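Colleague: I'd like a close look at one part of this model rather than a tour of the whole thing. Pick a single strand, and tell me what pairs with it and what sits around it.

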Amino acid sequence: MTAPLKHSDPVTVDVALGDRAYDIVIGRGVLASLGERIASLRPGVRTAIVTDRTVAKHWLEPTEASLAAAGIPTSRIVVEEGEISKTYAGLEKVSEALIAARIERNDLVIALGGGVVGDLAGFAAAILRRGVDFVQVPTSLLAQVDSSVGGKTGINSPQGKNLLGAFHQPVLVIADTAVLDTLSPRQFRAGYAEVAKYGVLGDEAFFSWLEKNHSDIFKGGSAREHAIATSCRAKAGVVSRDERETGERALLNLGHTFGHALEAATGFSDRLFHGEGVAIGMTLAAQFSARLGMIGEQDAARVERHLIEAGLPTRLQDIAGFAQEGLADADALMALMAQDKKVKRGKLTFILLEAVGRAVIAGDVEPAPVRDFLKEKLAQKA
């Protein structure tokens with residue numbers, strides 16, 4: 001954890017899935033190599049780029065130029081920014097546009113954007129002609145370290161986050177760290193929550209390194225590439241061992257049971273970005289672990305302190321419009337958590353901590369202690 005990559009050294013992380021293995025290429029400026037890499041991977045391929053309006057302003061033309069330089073024909077599909085596109089209507093729009101673009105089974109869909117675009121384009125690719133391959137070009141920190149890796153694709157239901165989707169692995173991930181320079185500070189902070197998550201759940205040494213070096217990550221120094229590569233290696237390892245989340249991969253959902261409920265309560269709006277929900281969820285998970293006697297109060301405080309230092313929300317009261325109905329009600333939040341994908345036969349499953357750097361899957365958590373815990377947290381003063 002003490003030898004960060006240099007800016008000039010792109011790194012490749014292998015996601016070992018047998019004949020479906022793929023590379024994650026990480027480094028500044030690697031977007032320019034996209035066309036060459038695709039041409040080598042799939043000679044004669046046609047492509048369609050799915051992106052959102054904001055990303056398109058910065059990165060659509062450079063992406064198209066890279067493809068054109070490699071002689072790869074492409075078309076563009078531009079959706080609205082944010083979770084509003086990760087819906088039935090958004091899926092229909094992208095799917096119909098891919099059909100109109102005559103994307104066939106041996107062609108490629110390119111997801112150019114953050115987590116929303118990656119999830120939406122990946123799901124559309126998974127169901128188009130019963131399965132078309134796709135490439136992830138993540139343009140947010142959150143997507144580079146989490147959602148672009150591992151093959152989870154999908155859309156939201158009004159009843160919950162990511163309740164419709166498919167496991168559909170990309171064939172290549174290009175994570176250009178230079179594109180992160182165009183993110184707003186809030187968007188970058190939200191993505192950082194997922195970086196911190198890898199340390200909290202399984203690598204205390206990495207978490208300690210983050211405590212010392214997070215400011216360099218935010219400034220865009222060499223620590224940024226190191227943090228992204230370390231995060232991707234951690235996720236790639238888990239995915240290669242448990243692709244379909246039948247066991248260990250569930251650990252990657254640390255903070256998500258609480259966080260997804262909070263996202264649903266805020267209507268999947270910009271009141272709460274996904275990473276912000278994860279930050280609050282991780283804090284709650286650490287505090288609930290302390291409540292159960294699994295970790296000490298000082299460990300829970302350590303997790304919260306680092307997230308606060310990174311500029312992330314850690315309390316329910318930090319959410320815009322906290323007092324609105326549905327968010328400040330423990331029973332309503334419990335109902336939303338009951339729709340979580342990890343629920344089995346009505347029993348809640350939480351990812352909790354035995355230490356900073358050691359998460360465990362806690363199945364069959366009784367609802368009553370969770371409800372009491374939430375009521376206590378909701379009653380705190382802003």
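Modeller: Here is one strand, followed outward to its sheet, its helices and a few places further off.

Some bookkeeping comes first. The model is predicted, so local features need a pLDDT of at least 70 and side-chain atom pairs count only at pLDDT 80 or more, while totals for chains, interfaces and linings use all residues. Numbering starts from 1 along each chain as its sequence is written, and side-chain values use heavy atoms, with hydrogens and water left out.

My pick is β5 (108-113); helices (H or I, at least four residues) and strands (E, at least two) are DSSP runs, numbered from the N terminus. Its 6 of 6 residues are buried, so β5 is largely enclosed by the rest of the structure. Buried here means under 20% relative accessible area, exposed means over 50%, and partly exposed is what lies in between (1.4 Å probe, protein chains only). In a regular strand the side chains alternate between the two faces of the sheet. For β5, both faces are covered: Leu 108, Ile 110 and Leu 112 are buried on one side, and Val 109, Ala 111 and Gly 113 are buried on the other.

Now the sheet. β5 belongs to an open sheet of 7 strands with mixed pairing, in the order β1-β2-β9-β6-β5-β3-β4. The edge strands, each pairing on one side only, are β1 (11-15) and β4 (74-79). Direction ignored, neighbouring strands are turned by 20 degrees against each other on average. Two strands pair if DSSP finds at least two bridges between them, and in general that pairing goes through backbone hydrogen bonds, either parallel or antiparallel.

So which strands sit beside β5 in that order? They are β6 and β3. With β6, β5 pairs in the parallel sense over 6 bridges, and there Ile 110 stands opposite Val 135. With β3 (residues 47-52), which also runs parallel to β5, there are 5 bridges. Along that pairing, Thr 47 stands opposite Leu 108, and Val 50 stands opposite Ala 111.

Next, the helices. α1 lies across β2 (22-27), β5, β6 and β9, running at about 170 degrees to β9. Helix α3 (residues 88-100) also packs on the sheet, touching β3, β4 and β5, and its direction makes about 165 degrees with that of β4. Those angles run from 0 to 180 degrees between N-to-C directions, with axes fitted as lines to C-alpha atoms, for helices over the stretch in contact; contact means heavy atoms within 4.5 Å.

It's worth turning α1 (residues 34-41) around: its buried residues are Leu 34, Gly 35 and Ile 38. They cover an arc of only 95 degrees around the axis, which puts them on the same side of α1; that arc is taken from the directions from the helix axis to the C-beta atoms. An α-helix has 3.6 residues a turn, so residues three or four places apart point the same way. On the other side of α1, Glu 36 and Ser 40 are exposed. The cover over the buried residues of α1 includes β5 itself, along with α2 (53-69), β6 (133-138) and β9 (172-176).

Then the loops that lead into these strands. Arg 102, in the loop between α3 and β5, has a phi near 60 degrees, a positive value in a residue other than glycine. Its relative accessible area is 61%, which makes Arg 102 exposed. Arg 129 sits in the loop between α4 (115-127) and β6, and its phi is likewise positive, near 50 degrees. At 37% relative accessible area, Arg 129 is partly exposed.

Another loop, the one between β1 and β2, holds Leu 17, which counts as buried at 10% relative accessibility. Leaving aside neighbours within four places in sequence, Leu 17 is in contact with Tyr 22, Gln 169, Val 239, Ser 240 and Glu 243. Its C-alpha atom is separated by 9.4 Å from that of Ala 236, 219 residues apart along the chain.
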